[in-house]
Amino acid sequence: MRTQITHLFGLKVYTDESVYVGEVEDVLLDVEGKKIESLIIGKVNNDLIDLKTYKGIKIPYRLIMSIADIVMIRHLQGAFREL
Amino acid sequence: MTRILARSLSKKKIMTTDGKMIGTLKNIIVDFDTGMLVDLIIYPDPSFDTAGYRVDGDRLTITFDSVKDIKDYIVVDRSLARR
């Protein structure tokens, strides 16, 4: 699906186990590779990830399964705190 | 390796490798399936001759393949931008 990159801003991010992760705040681009490197996620679910003093997280694009009304990423066992 | 945040590209100026100003960046078209950056959507400067380029209303589309680098300006190869 081809879409404007600004469509991503503000989209909610969930894992494939329907767990809320956060919201897309920005997109990191790899200019030489001509691809999206990662998504910058803010408003992070504190129950899922302990941010300590950080303000957000970066999700590599390879973890993304699909993007439409939300962004769906693979649920990583071990990377997230057990709910 | 150039990595750049999408929001920092807002209204960035686009210049050809031979020093001609094309206009300002409006948006980037991405393919969500592959994460590849496909096209740049540009508001062309009134002085820029858009003949030979893909024009849709007041907007100009050039392929991301023509992008050489992004720093203070987005530099594109004019021979690759035309089609």
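Two strands count as paired here if DSSP finds at least two bridges between them. Keep that in mind as we walk through this predicted model, starting inside chain B. There, β3(B) and β4(B) clear the bar with eight bridges, and the two strands run antiparallel. One spot to look at is T24(B), which sits opposite Y43(B) in β4(B). The two strands form a hairpin with four residues between them, and in that hairpin G35(B) adopts a positive phi near 80°.

From β4(B) you can step on to another neighbour. Strand β6 of chain B, residues 59-63, is joined to β4(B) by four bridges, again in the antiparallel sense. If you want a pair to click on, take I42(B), whose bridge partner in β6(B) is L60(B). While you're looking at these strands, remember that in a regular strand the side chains alternate between the two faces of the sheet.

Further along chain B there's another hairpin, made by β7(B) and β8(B) with three residues between them. Three bridges hold this antiparallel pairing on record, with β8(B) spanning residues 74-76. Here V67(B) stands opposite V76(B) in β8(B).

Now for the other chain. β3(B) also pairs with a strand of chain A: β1(A), residues 2-4, lines up with β3(B) over three bridges, antiparallel once more. Within that pairing, T3(A) has V30(B) as its bridge partner.

So much for the strands; what about the interface as a whole? On the chain B side, 26 residues are in contact with 25 residues of chain A. Together the two chains bury about 2500 Å², and 58% of that lies on carbon and sulfur atoms. As for polar contacts, 19 residue pairs across the interface satisfy the rule, with both residues at pLDDT 80 or more. Which elements of chain B supply at least two residues each to the side that touches chain A? They are β1 (3-5), β3 (21-31), β4 (36-44) and β7 (67-70). Of these, β3(B) gives the most, with five residues. By residue type, the chain B side divides into 15 nonpolar, four polar and seven charged.

Charge pairing gets its own look. Side chains of opposite charge can pair when their charged atoms come close. How many salt bridges are there between chain B and chain A? The count is one. It joins the side chains of R3(B) and E37(A), at 2.7 Å from N to O. Over all chains, the structure holds nine salt bridges. Another of them is in chain A, where the side chains of E23(A) and K12(A) meet at 3.2 Å, N to O. That pair links distant parts of the chain: E23(A) lies in strand β3 of chain A and K12(A) in strand β2 (residues 12-15), 11 residues apart.

Finally, how far should you lean on the coordinates? Where pLDDT is low, the predicted coordinates should not be read in detail. Chain A has a mean pLDDT of 90, with 96% of its residues at 70 or more. Within chain A, confidence is lowest in β1(A), at a mean of 92, and highest in β3(A), residues 20-30, at 96. For chain B the mean is 92, and 99% of its residues reach 70 or more. The model as a whole scores ipTM 0.89 and pTM 0.90.

Notes
Residues are numbered from 1 along each chain as its sequence is written. Chains are lettered from A and ligands numbered from 1 in the order in which they are written. Side-chain values use heavy atoms; hydrogens and water are left out. Contact means heavy atoms within 4.5 Å. Buried area is the accessible area (1.4 Å probe) that two parts lose on being put together, summed over both. A salt bridge is a side-chain nitrogen of Lys or Arg within 4 Å of a carboxyl oxygen of Asp or Glu. A polar contact is a pair of N or O atoms within 3.5 Å; within protein, one must be able to donate a hydrogen and the other to accept it, and residues adjacent in sequence count only if both atoms are side-chain atoms. Ala, Val, Leu, Ile, Met, Phe, Trp, Tyr, Cys and Pro count as nonpolar, Asp, Glu, Lys and Arg as charged, and the others, Gly among them, as polar. pLDDT is the predictor's confidence in each residue, from 0 to 100.
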